[in-house]
Amino acid sequence: MLTKKHLVLLASAGVVTLAGTSTANAATLEDTVERGAVQCGVSDGLPGFSAPDGDGNWQGLDVDVCRAVAAAVLGDADAVNYISLNAVERFTALQSGEVDVLSRNTTWTTTRDTTLGLNFAGVNFYDGIGFMVSRDLGISGADELDGAAICIQTGTTTELNVADYFRANDMQFDPIVFDTSEQTVGGFQAGRCDVLTSDTSQLAALRIQLDDPEGAVILPDIISKEPLGPVVRQGDDTWFNIVKWSLFAMLNAEEYGVTSENVDDMTSSENPDIARLLGQDGNYGEGMGLEADWAYNIISQVGNYAESFERNVGMGSPLEIERGANALWNQGGFQYAPPIR
Amino acid sequence: MSVRPNTRPAGQKPPFWRDRAKRALIFQLLLTAAVAAFLLYIVGNVQDNLSARGITTGFGFLSNTAGFGIVQSLIDYSSRDTYGRTFLVGLLNTLLVGGFGVLAATTIGFIVGIARLSPNWLLARLATAYIETFRNIPLLLQIFFWYFAVLRALPSARDSLSFGEVLFLNVRGLYLPEPLFESGFGLIPVTFLVAIVASVILVIWNRRRHEATGKRLPAIWISLALIFGLPLLVLLATGVPVTWDVPELRGFNFRGGFTIIPEFLALWLALSIYTAAFIAEIVRSGIQAISHGQTEAAQALSLPRNLVLRLVVIPQALRVIIPPLTSQYLNLIKNSSLATAIGYPDLVSVFAGTTLNQTGQAIEVIAMTMAVYLTISLLVSMFMNWFNARVALVER
């Protein structure tokens, strides 16, 4: 008997098996324009990154990448078809063409970038793996976790990095792996495991889903590098550029102080950087097959990176994650976008 | 009476399309060619598509380091081992739950099936209620029931249910003491083997004597006494060279001893209880298929009731029971792949789940997994067919 997960996998494998070779290098841009919507793969519900709100509209930092691409390509940030994928399904769905952008808190690693036929189009969140434990255990650091049972979501880099960490520190642990983040939280709450581990941003999101968020603490240790970003298929460089530069446009907009509120005033700005970004000086969308106002559409409809961050995961959200490593390069963080010129 | 004129000159063969044997041969060749062409097309197309998309293929990934942990393993496994080893670990975990599931389902199924025919009204109704309840609820729900409703409700590690301070039950599983064998223990398995050989000889001798003289010894009971009593005697005589590693609460968890994880318990219970309901019906129908005249004839020969069952009814009923029983065994083993829903590390969860995702080799991994289930099922099928042939009616 097969679960839903495997049916999706098999179906996708079937698509790879049977589909003609012509789709491999298909022009994703033309298909998207013809369809009138961007096919975007998102998570199965991770608050702050991609989760439907009370009205069923997808919201989050990762969702804003999809919206930015739709705004740049179609001029309408709402023209997105969201496809919810779990950790195991995500790459197969992208490879087989079920989605054209995967924006689902996915870690950029060598294996994924080089052997799966995929390209990472940048980093929209710098993250790292952390641990959440019950407050009663009185644990203050990850080095006290020897012998713990740890709940992990299957198919993630977390599975590998936690094993590496415990091995490197000569400690034992029991991995309890589940399919969805909901099940891992369930296992943690029921006491099946002592520790819930994931990217720290996810831990913050999962913690507020607990019955008693105050009863759990996130340990200060970060044990790995987890650069999360949108992913596209190899072989369509135009589409790769569109996704990459949609993200860069949001970062550049923050750097130049362009927001969704002042973008209309900024179109008359004398600043040459802003003029190029908003298509007042030259057409930088042309090389990607887009209109000159591609970045204007992104900023007016989705906002710049700072707006997206604060609204979804920052201090304006229940997650209250600080900018930290995700601040701009000139404000002590890593976020750095190449210039538009 | 009209005679159809033979229009064909003698000695001339009919055209080949009029020859039934040749026509059949041609159609079979065409079909084989079509299937082969389709398979070739699929394989070639997969290769084209994979290379066009820049996806790495091949089985080389099996020798790469896996780098992830697995909670239950029958063989030595650490995250430094290879993906190939994760395949073995998953396979053995599947066989473990499948094997124990088949044993438990058969036992429960036979008991319930016979109970349903019992003249005891209460017993028969209870058996009916069992069958109708568990047969009609989807298996996945039953797995969730055992895992989330029953085993999740157990207390935490610190408030474990303790049985005599050696056996502990909590939300993390069942903790049992593990025997550690000291030197001198090697005698016990040897005695055990000797007792088994002696029992076999006893049974054969008893049968010959019975046929020759009509006298019988209670050979079954003597054998059981031999097989269990003799090793026990030796054990006591050598001063019990066994120490027990009793689980003990240290830090987060119980350490030492032997742990049965709740994922295994939930899956095993659900599979056994679900499949047993079907087996019970198969057993009941098998017994009822034997004409009542057989029982009456046996009673007329003044055979006692237990011998009527053992010598007349059950051997005939087995002929009816075994073929459908085989399908139930196959179902149970295939259904064990639902393990992934509760995180039991079986083949589908470990290999077609984690390994597939970490390596991205979907086609290779899914093909290997399907081949494994096919192989296991064919082997079980072969064994059951052999067993069926043994008990089948020998017509004289």
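## Domains of chain A

The domain assignment splits chain A in two: domain 1 covers 4-126 + 228-331, and domain 2 covers 129-224. This is a predicted model. The C-alpha centres of domain 1 and domain 2 of chain A are 29 Å apart.

The two domains touch. On one side are 16 residues of domain 1 of chain A, and on the other 14 residues of domain 2 of chain A. The domain 1 side of this contact has 9 nonpolar, 5 polar and 2 charged residues.

## A buried helix in chain A

Helix H13 of chain A spans residues 305-312. Of its 8 residues, 6 are buried, so the helix is largely enclosed by the rest of the structure. Which residues of H13(A) are buried? They are A:Tyr305, A:Ala306, A:Glu307, A:Ser308, A:Phe309 and A:Asn312.

Several elements of chain A help to cover these buried residues. Among them are strand E3 (58-59), helix H3 (61-74) and helix H9 (237-256).

## Domains of chain B

Chain B is also assigned domains. Domain 1 of chain B takes in 83-149 + 263-391, and domain 2 takes in 179-240. Their centres, taken over C-alpha atoms, are separated by 30 Å.

## Helix H7 of chain B and its partners

Take H4(B) and H7(B) as a starting pair. Helix H4 runs over residues 139-150 and helix H7 over residues 262-288. They pack at an angle of about 135°, and their axes are 8 Å apart. The two helices are therefore oblique to each other. Their crossing is right-handed. From H4(B) come B:Leu139, B:Gln142, B:Ile143, B:Trp146 and B:Tyr147; they meet B:Pro262, B:Ala266, B:Leu267, B:Leu269, B:Ala270 and B:Tyr274 of H7(B). By class, this contact has 10 nonpolar residues, 1 polar and no charged.

H7(B) packs against H9(B) as well. Here the angle is about 155° and the axes lie 8 Å apart. That angle makes H7(B) roughly antiparallel to H9(B). This crossing, too, is right-handed. Residues of H7(B) in the contact include B:Leu271, B:Phe278, B:Ile282 and B:Gly286. Those of H9(B) include B:Val313, B:Val320, B:Pro324 and B:Leu332. The contact of H7(B) with H9(B) divides into 13 nonpolar, 6 polar and no charged residues.

## An exposed glycine

B:Gly99 sits in helix H2 of chain B, which spans residues 83-116. Is B:Gly99 buried or exposed? B:Gly99 is exposed, because just 12 other C-beta atoms lie within 10 Å, and a residue with 12 or fewer counts as exposed.

B:Gly99 also pairs up in space with a residue far along the chain. B:Leu332 is 233 residues away in sequence, yet the C-alpha to C-alpha distance is 9.5 Å. B:Leu332 is one of the H9(B) residues that meet H7(B).

## Where the chains meet

How many residues of chain B are in contact with chain A? There are 39, and they contact 45 residues of chain A. Five elements of chain B each supply at least two residues of this side: helix H1 (20-52), strand E7 (253-255), helix H9 (305-335), helix H10 (347-359) and helix H11 (362-391). H1(B) gives the largest share, 6 residues.

The side of chain B that touches chain A is mixed in class. It holds 14 nonpolar, 19 polar and 6 charged residues. H9(B) thus has two roles in this account: H9(B) packs against H7(B), and H9(B) supplies residues to the side that touches chain A.

Terms used
Residues are numbered from 1 along each chain as its sequence is written. Chains are lettered from A and ligands numbered from 1 in the order in which they are written. This is a predicted model: local features need pLDDT of at least 70, side-chain atom pairs count only at pLDDT 80 or more; totals for chains, interfaces and linings use all residues. Two residues are in contact if their C-beta atoms, placed from the backbone, lie within 7 Å. Helices (H or I, at least four residues) and strands (E, at least two) are DSSP runs, numbered from the N terminus. Ala, Val, Leu, Ile, Met, Phe, Trp, Tyr, Cys and Pro count as nonpolar, Asp, Glu, Lys and Arg as charged, and the others, Gly among them, as polar. Domain bounds come from an automatic or database domain assignment. A residue is buried if 20 or more other C-beta atoms lie within 10 Å of its own, exposed if 12 or fewer, and partly exposed in between; C-beta atoms are placed from the backbone. Axes are lines fitted to C-alpha atoms, for helices over the stretch in contact, and angles run from 0 to 180 degrees between N-to-C directions. Angles under 35 degrees count as roughly parallel, over 145 as roughly antiparallel, 65 to 115 as roughly perpendicular and the rest as oblique. A crossing is left-handed if the near helix is turned anticlockwise from the far one by less than a right angle, and right-handed if clockwise.
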